[in-house]
Amino acid sequence: MKLDDCPYCSRGAKLAEFGYLIYKTATSLIILNKDQYHRGQCIVAYRNDHIANMIDLDEKERSLFIKDVVDVAKCIQKIYHPAKINYCAIEDQIGHLHFHIVPKYEGQDDNECLMNHSSRNMIDEVECETIANKIRQAYENIK
């Protein structure tokens, strides 16, 4: 079941408010977070249905989804070399299975994991595409 009011299901204007679609895998939508307070921050959202929890996926789908999460983290690591990467999955906000992949850099001692929606951190479509291209290229090299 897909929900019209879910940004990950509808993939239209609601998603564009905060995200920029980088690419799709068989299982996931790979989305650049337009709030780039943490350079390279992405979202991996389950693609095939409006699922809220990992336990609702069968073993094969769950494995493919987690592989996508790991692959995106590898891309971010390769491009930006963060000190660490945090993974955030919060079911109660949108109700659609997704992970925030949040690179953290030396000197960033905040605990922020999700989107700030601060206008000073939001990037435009041109910068989104520049970052998305870097991630697409890195992804092609790890497949």
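This briefing walks through the fold of one protein chain, from its overall layout to its sheet, helices and cores. The model is a predicted one. The chain contains five helices and five strands, and five strands come together in an open sheet. Helix α5 lies across part of that sheet, and α3 packs against α5.

**The chain as a whole**

- Starting at the N terminus, the elements follow the order α-α-β-β-β-α-β-α-β-α.
- The chain has 143 residues, and 48% of them are buried.
- Among contacts with a separation of 6 or more, 57% join residues that are 24 or more positions apart.

**The sheet**

- Across the open sheet the strands stand in the order β1-β2-β3-β5-β4, with antiparallel pairing.
- The edges belong to β1 (19–24) and β4 (84–88); each has a single partner strand, so one side of each has no neighbour in the sheet.
- On average, neighbouring strands of this sheet are turned by 25° against each other, direction ignored.
- As general background, strands of a sheet pair through backbone hydrogen bonds, in either a parallel or an antiparallel way.

**Following the strand pairs**

- β1 and β2 make a hairpin, with three residues between them.
- These two strands, β1 and β2, pair in the antiparallel sense over five bridges, and Tyr 20 stands opposite Leu 32 in β2.
- Next along, β2 and β3 are also joined in the antiparallel sense over five bridges; here Leu 29 has Ala 45 in β3 as its bridge partner.
- β3 (residues 42–46) then pairs with β5 (residues 98–104), antiparallel once more, over four bridges.
- Two positions help you find this last pairing: Cys 42 has Ile 101 in β5 as its bridge partner, while Ile 43 stands opposite His 100 in β5.

**Two covered strands**

- In a regular strand, side chains alternate between the two faces of the sheet.
- β2 is mostly covered, with six of its six residues buried.
- On one side of β2 you will find Ser 28, Ile 30 and Leu 32, and on the other Leu 29, Ile 31 and Asn 33; all of these are buried, and both faces of the strand are covered.
- β3 is largely enclosed by the rest of the structure, because five of its five residues are buried.
- From β3, Cys 42, Val 44 and Tyr 46 point one way, while Ile 43 and Ala 45 point the other way.

**The helices α3 and α5**

- Helix α5 (residues 125–142) lies across β1, β2 (28–33) and β3, and runs at about 25° to β1.
- A pair of packed helices is described by the angle between their axes and the distance between those axes.
- For α3 and α5 the angle is about 115° and the axes are 9 Å apart, so the two helices are roughly perpendicular to each other.
- Their crossing is right-handed.
- Where α3 and α5 meet, α3 contributes residues including Asp 71, Cys 75 and Ile 79, and α5 contributes residues including Ile 131, Ile 135 and Ala 138.

**The nonpolar cores**

- In soluble globular proteins, nonpolar side chains tend to be buried together.
- The largest nonpolar core here has 29 residues, and the members that touch the most others are Ile 22, Leu 32, Phe 65, Val 72, Ile 101 and Ile 135.
- Two or more residues of this core come from each of β1, β2, β3, α3 (59–80), β5 and α5, and α3 gives the most, with seven residues.
- Val 72 is a good residue to look at: leaving aside residues up to four places away in sequence, Val 72 touches Tyr 23, Ile 30, Cys 42, Val 44 and Ile 101.
- There is also a second, separate core of nine residues, with Cys 6, Phe 18, Ile 43 and Ala 45 among them.

Terms used: Residues numbered from 1 in each chain as written. Predicted model: local features only at pLDDT ≥ 70, side-chain atom pairs only at ≥ 80, totals over all residues. Heavy atoms only, no water. Pairing = 2+ DSSP bridges. Axes fitted to C-alpha atoms, helices over the stretch in contact; angles between N-to-C directions. Contact = heavy atoms within 4.5 Å. Core = buried A, V, L, I, M, F, W, Y, C linked by side-chain atoms within 4.5 Å. Buried < 20%, exposed > 50% of the residue type's maximum accessible area, 1.4 Å probe, protein only. Parallel < 35°, antiparallel > 145°, perpendicular 65-115°, else oblique. Left-handed = near helix turned anticlockwise from the far one by under 90°.
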